[in-house]
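Here are a few notes to read with the structure open beside you. They are grouped by region, so you can rotate the view as you go.

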Amino acid sequence: MPRLALLLTTFIWGATFPATKAALEQMPPLSFLSLRFLLGTLLIAGWFLATGYRLRREQGVLYASAVATVFLFFGYALQTVGLYHTSASNSAFLTALYVIIVPLMLRRFDRRVMAATVIATTGLWLLVKPSATMNLGDAMTIGCAVAFAGHIVCLERYTRLFDAPSLLLWQMGAMTLLFFPMMMWEHAPAQAFVPSPVLLTGLTVTGVFATGAFAVQMWAQQLIPAQQVALIFASEPAYAAWLSWYFLGETLDVQGWIGSGLILTAVIIGALVSPSPEAVAGATEPA
């Protein structure tokens, strides 16, 4: 069940790509991120108030939230700024390299998962067709992949030690506080904040549905090894490509369909079947 739930959340995150792309025609990226995380924070805070759930303020929870937020912030910041200097295809491929970085960070080399990782990486290359050249934006996007990998690793450890809902709210609130000054720095014109259907759709998908997906991730990472989580997340570019093809009319050639098929095959092989004893043992050992 948690693996299928993560696959569904990855579909939601894939939907954020076309939704965000359309919204960014109206609003600068950092301003959009700021509103996205503000909406998510209000949503989670509202859940705490409605259910009477107690927000944990212990030192360990605050420390874990701060460490995870550092990785999450640099992941989004480097990805967004890097996209100004590189192509969307390079950004999609390099970001998804966390599928390789997570098992390297954890030094977990389960044969089945590593084989699936190779298949997924091949599929990513065929799907997004990144260029062979390297520029500043590519380097920043590789940094973003490292940051997102670090966040996945953090969540595996911290969600098993501390209260997951509290970790979620502290992270969302911290992201909002970090991005708000950047919104002021962008000096977006007033018309950028007009509640148009495109902007409202983008904020709903990223601020509401993606926040719910983040909550599911926090729950699932208490049960699934981080390297399998990263592998499931590798299907995000495939979902994004399919949804962009369907809703935005973007082209997806035969090579792209083959690549996305390889990605989903890798997810089935490496993440949606029962974990090997080595993977289970690795997930229970301290990171």
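**Notes on the model**

1. Let's begin with helix 10, which spans residues 226-233. Since 8 of its 8 residues are buried, this helix is largely enclosed by the rest of the structure. The residues in question are A226, Q227, Q228, V229, A230, L231, I232 and F233, so you may like to display their side chains; the run counts as buried because each residue has under 20% relative accessible area.

2. Before going further, a word on confidence. This is a predicted model, with a mean pLDDT of 83 for the chain and 88% of residues at 70 or more. Among the elements, helix 2 (residues 29-51) has the highest mean pLDDT, 93, while helix 13 (residues 277-284) has the lowest, 44. Over residues 276-287 the pLDDT is below 50, although this stretch still has 16 contacts in the model beyond near neighbours in sequence. Where pLDDT is low, the predicted coordinates should not be read in detail.

3. Next, please look at T10, in helix 1 (residues 2-23). T10 is buried, because its relative accessible area is 0%. Leaving out residues up to four places away in sequence, T10 touches I232, F233, S235, E236 and Y239; of these, I232 and F233 are among the buried residues of helix 10. The C-alpha atoms of T10 and A234 are 8.4 Å apart in space, with their positions 224 residues apart in sequence.

4. Y239 gives the view from the other side of that contact. Y239 sits in helix 11 (residues 236-247) and counts as buried, because its relative accessibility is 10%. Besides T10, Y239 touches L7, F11, G14 and L264, not counting residues up to four places away in sequence. Y239 and T16 are 223 residues apart along the chain, and their C-alpha atoms are separated by 9.9 Å.

5. Which residues have the most contacts inside the largest nonpolar core? They are Y76, V102, I152, F179 and F214, in a core of 59 residues. Helix 7 (residues 136-161) supplies the largest share of this core, 9 residues. F179 touches L30, L33, S34, F37, F73, Y76 and A77, leaving aside residues up to four places away in sequence. Another core, of 7 residues, lies apart from the largest one and includes V99, V113, A116 and A266.

6. Helix 7 deserves a point of its own. How far apart should the ends of its 26 residues be? At 1.5 Å a residue the expected span is 38 Å, and the end C-alpha atoms are 38 Å apart, so the two values agree. Helix 7 also has a kink of about 25°, centred on L155.

7. R36, in helix 2, is worth a look as well. Is R36 buried or exposed? R36 is buried, because its relative accessible area is 9%, and the cut-off is under 20%. Leaving aside neighbours within four places in sequence, R36 is in contact with W13, Y76, L203, T206, G207 and A210. Y76 appears in the contact list of F179 too.

8. Finally, L78 lies in helix 3 (residues 59-82). At 22% relative accessibility, L78 counts as partly exposed. Setting aside neighbours within four places in sequence, L78 is in contact with M140, G143 and C144. The C-alpha atoms of L78 and A139 are separated by 9.2 Å, with the two residues 61 apart along the chain.

Note on methods: Residues are numbered from 1 along each chain as its sequence is written. This is a predicted model: local features need pLDDT of at least 70, side-chain atom pairs count only at pLDDT 80 or more; totals for chains, interfaces and linings use all residues. Side-chain values use heavy atoms; hydrogens and water are left out. pLDDT is the predictor's confidence in each residue, from 0 to 100. Helices (H or I, at least four residues) and strands (E, at least two) are DSSP runs, numbered from the N terminus. Contact means heavy atoms within 4.5 Å. A nonpolar core is a set of buried Ala, Val, Leu, Ile, Met, Phe, Trp, Tyr and Cys residues joined through side-chain atoms within 4.5 Å. Buried means under 20% relative accessible area, exposed over 50%, partly exposed in between (1.4 Å probe, protein chains only). The expected span of a helix is 1.5 Å times one less than its number of residues. The bend at a residue is the angle between axes fitted to the seven residues ending there and the seven starting there.
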